[in-house]
Amino acid sequence: MFVPKLYVYTFLGEFVLLYPVYTLLFTDSGLSVAETSSLFVIWSVTGMVLEIPSGAWADAVSRRLLLFLGPLLAGAGFALWVLFPSYWAFALGFVLWGAEGALVSGAFEALAYEELERRGLQGRYAAVMGRAHSIGIAAAASAIALATPVFAVGGYPAVGVASVAACLLCAATALTLPERRPARATSADSDGRYLAVLRAGVTEARTDRNVLEAIVLISVVTAIWGALEEYVPFLAAATGATRTAVPLLVLAVWVGAAAGGLLAGPARRLSERSFALVLALAALAMAAGALVPHPAGFLLVAGAFGAFQMAGVVADTRLQERVSGDQRATVTSVAGLGTNVVTLAVYTAYGAGSPFLSHGTTFALLVLPYVVIALWLARERVAPM
């Protein structure tokens, strides 16, 4: 029952009905575009600052505890938004939501891998995490579909209550997850252990070449397509699609990403050069599809998103297989920080280029790093991943 519980946790964590309407809540509360943008910055910075410290906390104390606390913080933030709709309540809510992301990141992967390893099933990690990512996408899509009728009936309070309820159920699910680890010391001993784990994790991430390569791979592969996903509706509109057809094109991309997650298990067995070829072909497909001034180009875009999703899961699997010692969540959080940094870089580049470049051209240019990564991987020795 361990793996199904992971899936339930993932589904509930993404089944937040506020997702598709919270920007409307900000607008209806009188916030300007600049104020809303500042909230996104607060959200991102909070996650970046807490990413590695929370990973070390998970290693030093308990991964399950952090998986329990994270959804509670997010739920508290969503409640603040609905009960006290104002800039400072929104800002505090984003701090809590950013903290949730940092607490869960690293702890979830570490708990999943080590529990599978304890059962002799570590070879299934890629398949399990790939399905989990696909389930998360399905949960977000379900939340968007359900948000419209719920909002029509009960407005922001209704979607707020539903979102908080999902967070509470997610936290409750975390308590059912197994965690068989040695008991940790408390007070001064725990402080010393925390610092020791933090140093060990950062040192391994910085000095172990194999681990560092996996971190770089995760950061680039995951962040670029994850950031570009936010701009998919603009790309869809630029193809000349009608307003009613844009959601269908966005859905096609989500279906592609979900399919990619399901293919992560078999993809784990690709040689390094084959994996590099997949990345290069996906980048070319993304560029070609984005540059086609017709909705049919989204077939290529959806396929590319699926390949990038698959590659991200495989990269995470490579990292988990290379980490040694008790600092697994810390090292994974270093990768999470790298992903956040690259994501912000993509947002900045997209915004800087938007006055001068079309959406299709921007998409095509921003996937070029995938080609660089593919060339780098192709130079490595041929080995099973």
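**Stop 1: the cysteines**

Let's start with disulfides: how many does this structure hold? The count is 0. Keep in mind as you click around that this is a predicted model. Select C167 and C170 to see how two cysteines can miss each other. The closest cysteine sulfur to that of C167 belongs to C170, and at 7.0 Å it is too far away for a bond. C170 is in no disulfide either, with C167 as the nearest cysteine, 7.0 Å away sulfur to sulfur. For background, a disulfide is a covalent bond between the sulfur atoms of two cysteines. Are these two residues buried or exposed? C167 is buried, at 6% relative accessible area, and C170 counts as buried too, at 2%.

**Stop 2: colour by confidence**

Now colour the chain by pLDDT. The average is 88, and 96% of the residues score at least 70. Where is confidence lowest, and where is it highest? Helix 8 (residues 187-207) has the lowest mean, 78, while helix 4 has the highest, 96. A handy rule for any predicted model: where pLDDT is low, the predicted coordinates should not be read in detail.

**Stop 3: the loop residue L18**

Select L18 next, in the loop between helix 1 (2-14) and helix 2. You might guess that a loop residue sticks out, but L18 counts as buried because its relative accessibility is 0%. Show its surroundings and you will find F78, W81, V82, V159, G160 and S163 touching L18, leaving out residues up to four places away in sequence. Try a distance label between the C-alpha atoms of L18 and V82: they are 9.7 Å apart, although 64 residues separate them along the chain.

**Stop 4: rings meeting rings**

Stay in this area and add Y22 to W81. They make an aromatic pair of the tilted kind, with 5.6 Å between the centres and 50° between the planes. Why is this pair worth a look? Y22 sits in helix 2 (residues 22-28) and W81 in helix 4 (residues 63-83), so the pair ties together parts that are 59 residues apart in sequence. Both rings are tucked away: Y22 counts as buried at 11% relative accessibility, and W81 does at 0%.

For another tilted pair, jump to Y231 and F234, where the ring centres are 6.4 Å apart and the planes meet at 40°. Y231 counts as buried at 16%, whereas F234 is partly exposed at 47%.

Now widen the view. The structure holds 29 aromatic pairs. Select Y19, Y22, F26, F40, W43, F78, W81, F90, F94 and W97 together, and you have one aromatic cluster.

**Stop 5: T173 in helix 7**

Head over to T173, which is found in helix 7 (residues 125-174). T173 is buried, with a relative accessible area of 12%. Which residues does T173 contact, apart from its neighbours within four places in sequence? They are K5, V8, Y9 and L12.

**Stop 6: S219 in helix 9**

S219 is in helix 9, and it is buried, with a relative accessible area of 6%. Beyond its neighbours within four places in sequence, S219 contacts A335, G338, T339 and V342. Also draw a line from S219 to G312: the C-alpha atoms are 8.7 Å apart in space, and the residues are 93 apart in sequence.

**Stop 7: helix 17 and the core**

Finish at helix 17 (residues 368-378), and select its buried residues: Y370, I373, A374 and L377. Look down the helix axis. These buried residues fall within an arc of 105°, so they line one face of the helix. On the other side, V372 and L375 are exposed. The spacing rule behind such patterns is that an α-helix has 3.6 residues a turn, so residues three or four places apart point the same way.

What covers the buried residues of helix 17? The cover includes helix 9 (209-228), helix 13 (272-291) and helix 14 (298-322). Zoom in on Y370 and you can pick out its contacts: V220, V221, I224, W225, L279, A283 and F308, not counting residues up to four places away in sequence.

Y370 also belongs to the largest nonpolar core, which has 62 residues. Along with L228, L279, F305, L319 and F363, Y370 touches the most other members. Last selection: a second, separate core of 28 residues, with L67, A112, Y125 and V313 among them.

Definitions and conventions: Residues are numbered from 1 along each chain as its sequence is written. This is a predicted model: local features need pLDDT of at least 70, side-chain atom pairs count only at pLDDT 80 or more; totals for chains, interfaces and linings use all residues. Side-chain values use heavy atoms; hydrogens and water are left out. A nonpolar core is a set of buried Ala, Val, Leu, Ile, Met, Phe, Trp, Tyr and Cys residues joined through side-chain atoms within 4.5 Å. Buried means under 20% relative accessible area, exposed over 50%, partly exposed in between (1.4 Å probe, protein chains only). Contact means heavy atoms within 4.5 Å. Rings of Phe, Tyr and Trp (its six-membered ring) pair if their centres lie within 6.5 Å; planes under 30 degrees apart count as stacked, over 60 as edge-to-face and the rest as tilted. Helices (H or I, at least four residues) and strands (E, at least two) are DSSP runs, numbered from the N terminus. A disulfide is a pair of cysteine sulfur atoms within 2.5 Å. The arc is that of the directions from the helix axis to the C-beta atoms. pLDDT is the predictor's confidence in each residue, from 0 to 100.
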